[in-house]
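Colleague: I'd like a close look at one small part of this model, please. Take me through it slowly, and then wander outward from there.

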Amino acid sequence: MAGLEIQLIAVIVSVACALPGTFLVLRKMSMMSDSITHTILLGIVLAFFITQDLSSPFLIVGAAAIGVVTVWLTETITKTGLVSEDSAIGIVFPLLFSIAIILITRYAGSVHLDTDSVLLGELAFAPFDRMIVFGKDIGARAIYTSGFLLLLNVGGILLCYKELKVATFDPMLAAVLGFSPALLHYGLMTMISLTAVGAFEAVGSVLVVAFMIGPPATAYLLTDDLKKMLFLSAVFGAASGILGYQLASILDVSIAGCMAVITGLLFFITSLLAPHRGILAVWMRKRRQRKEFTEVTLLLHICNHGDTPEVQEENGVNSLTNHLHLEPRKLRRSLHSLIEKGEVKRCGSLYVATDIGMRRAEETERTLLNTQ
């Protein structure tokens with residue numbers, strides 16, 4: 001039963017993180033999630049000092065507020081033009097996180113509030129924190145808290161889908177249409193901060209970052225459609241949670257660690273095999289383009305010298321290699337392909353372009369002229 005609850009929590013958290021994370025990936029703000037998941041510790045500490053209660057809902061409010069402050073400080077520093085965005089993150093993130101660590105070690109040493117419990121949450125312990133309603137155990141508390149986060153994120157994205165889409169891809173158009181890109185931006189950052197602080201108690205901030213960036217980045221390799229990307233992000237996140245738990249059970253190691261590993265493996269496998277953006281697809285496309293370029297170059301050479309006095313020298317079977325500076329094997333392969341296509345034929349000691357080859361050469365020359 002505990003194993004089923006752990007997997008259910010992981011699936012809910014992963015989907016809750018992956019949905020807003022999709023917009024982070026599209027906005028090229030992936031590292032912001034890492035920054036937020038660490039700096040919200042300061043918000044939790046400050047709220048605890050005020051309430052003196054680790055279960056107070058004001059801890060979530062404080063954490064979300066510091067998450068937004070993190071984004072604001074980062075963007076303010078970036079707008080000065082003195083440093084890049086990643087450098088600004090490298091300044092704000094350690095500053096706020098270190099302040100939180102100092103406050104914890106100095107003033108909250110006797111309280112169950114430390115970097116391990118906040119940042120390295122352990123899913124294996126989540127089923128022990130039960131939700132009791134009217135004296136009845138209705139399941140692990142994390143199922144309901146993460147479920148509420150998921151519903152909140154799904155509702156927010158559905159409610160502002162068109163606005164988020166326009167503001168993500170074309171902020172200027174969003175402003176012209178009457179949307180407020182800044183309001184949508186900080187609304188999204190608030191959603192991400194709430195998701196981070198709500199999820200890290202169960203899975204830890206490291207896994208929150210993995211779930212928030214890994215599945216959307218993987219989905220981005222497979223589609224350019226935002227709706228499909230959101231769906232695939234959720235699927236990859238859920239798969240990472242389930243497969244990660246199974247791997248941890250087999251190896252008897254950290255559950256969160258295995259889930260993060262599976263997230264990375266899914267990305268690398270997809271980056272290798274994706275039909276359009278994958279490494280293999282790109283390599284094959286470039287290989288095909290090089291082959292086509294060589295064939296077109298050879299065909300144009302044969303056509304352009306077909307009616308000249310130097311045809312014997314230029315298009316001769318034994319002299320063609322000297323003029324094109326191609327490797328003999330590559331030349332033979334290209335000639336064989338052109339002959340198979342019926343664009344070139346051999347006439348005695350010469351290679352001659354056919355009518356089909358002449359038409360292709362003329363179309364290629366027209367295309368080249370139009371692109372100049």
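In which sense do strand β3 and strand β4 run, and how many bridges join them?

Modeller: Quick housekeeping before we zoom in. What you see is a predicted model, so local features are reported at pLDDT of at least 70 and side-chain atom pairs only at pLDDT 80 or more, while totals for chains, interfaces and linings take in all residues. Residue numbers start from 1 along each chain as its sequence is written, and side-chain values rest on heavy atoms, leaving out hydrogens and water.

Now, your strands. β3 covers residues 344-347 and β4 covers residues 350-353; they run antiparallel, with four bridges joining them. (Strands pair if DSSP finds at least two bridges between them; strands are DSSP runs of E, at least two residues long, and helices are runs of H or I, at least four, numbered from the N terminus.) To see one of those links, click on Val344: its bridge partner in β4 is Ala353. Follow the chain from β3 into β4 and you go round a hairpin with two residues between the strands. Gly348 sits in that turn, with a positive phi of about 65 degrees. While you're there, here's something handy about strands in general: in a regular one, side chains alternate between the two faces of the sheet.

You can set that hairpin beside the one made by β1 and β2. Strand β1 (residues 130-133) pairs with strand β2 (residues 136-140) in the antiparallel sense, over three bridges. Here Ile132 has Asp137 as its bridge partner in β2. Two residues lie between these strands, and Phe134 takes a positive phi near 55 degrees. Phe134 is not a glycine, yet its phi is positive. You'll find Phe134 in the loop between β1 and β2. Its relative accessible area is 86%, so Phe134 counts as exposed. (For that label, under 20% is buried, over 50% is exposed and anything in between is partly exposed, using a 1.4 Å probe and protein chains only.)

Asp252 has a positive phi too, near 55 degrees, and is a residue other than glycine. Look for Asp252 in the loop between α11 (226-251) and α12. Asp252 is exposed because its relative accessible area is 69%.

Next, hop back along the chain to Ala124, in the loop between α5 (115-119) and β1. Ala124 has 29% relative accessibility, so it counts as partly exposed. Try drawing a line from Ala124 to Ser254: they are 130 residues apart along the chain, and their C-alpha atoms are separated by 8.7 Å. Then try Met259, which is in helix α12 (residues 255-273). Met259 and Val71 are 188 residues apart along the chain, with their C-alpha atoms separated by 27 Å. Met259 is buried, because its relative accessible area is 0%.

Since we're talking side chains, have a look at the rings. The structure holds three aromatic pairs. In one of them, Phe93 and Phe97, the ring centres are 6.2 Å apart and the planes sit at 55 degrees, so the pair is tilted. (Rings of Phe, Tyr and Trp, using its six-membered ring, pair with centres within 6.5 Å; planes under 30 degrees apart are stacked, over 60 edge-to-face, the rest tilted.) Phe93 and Phe97 are four residues apart in helix α4 (residues 85-107), which means about one helical turn separates them. Phe93 is buried at 19% relative accessibility, and Phe97 is buried at 17%. Phe267 and Phe268 make an edge-to-face pair, because their planes are at 70 degrees, with ring centres 5.6 Å apart. Phe267 is partly exposed at 27%, whereas Phe268 is exposed at 55%.

Last stop, the cysteines. There are zero disulfides in the structure, a disulfide being a pair of cysteine sulfur atoms within 2.5 Å. Why doesn't Cys17 form one? Its closest cysteine sulfur, in Cys258, is 18 Å away, so it is too far for a bond. Cys17 is buried, at 0% relative accessibility. As for Cys160, the closest cysteine sulfur is in Cys17, 19 Å away, so that is too far for a bond as well. Cys160 is partly exposed, with 26% relative accessibility.
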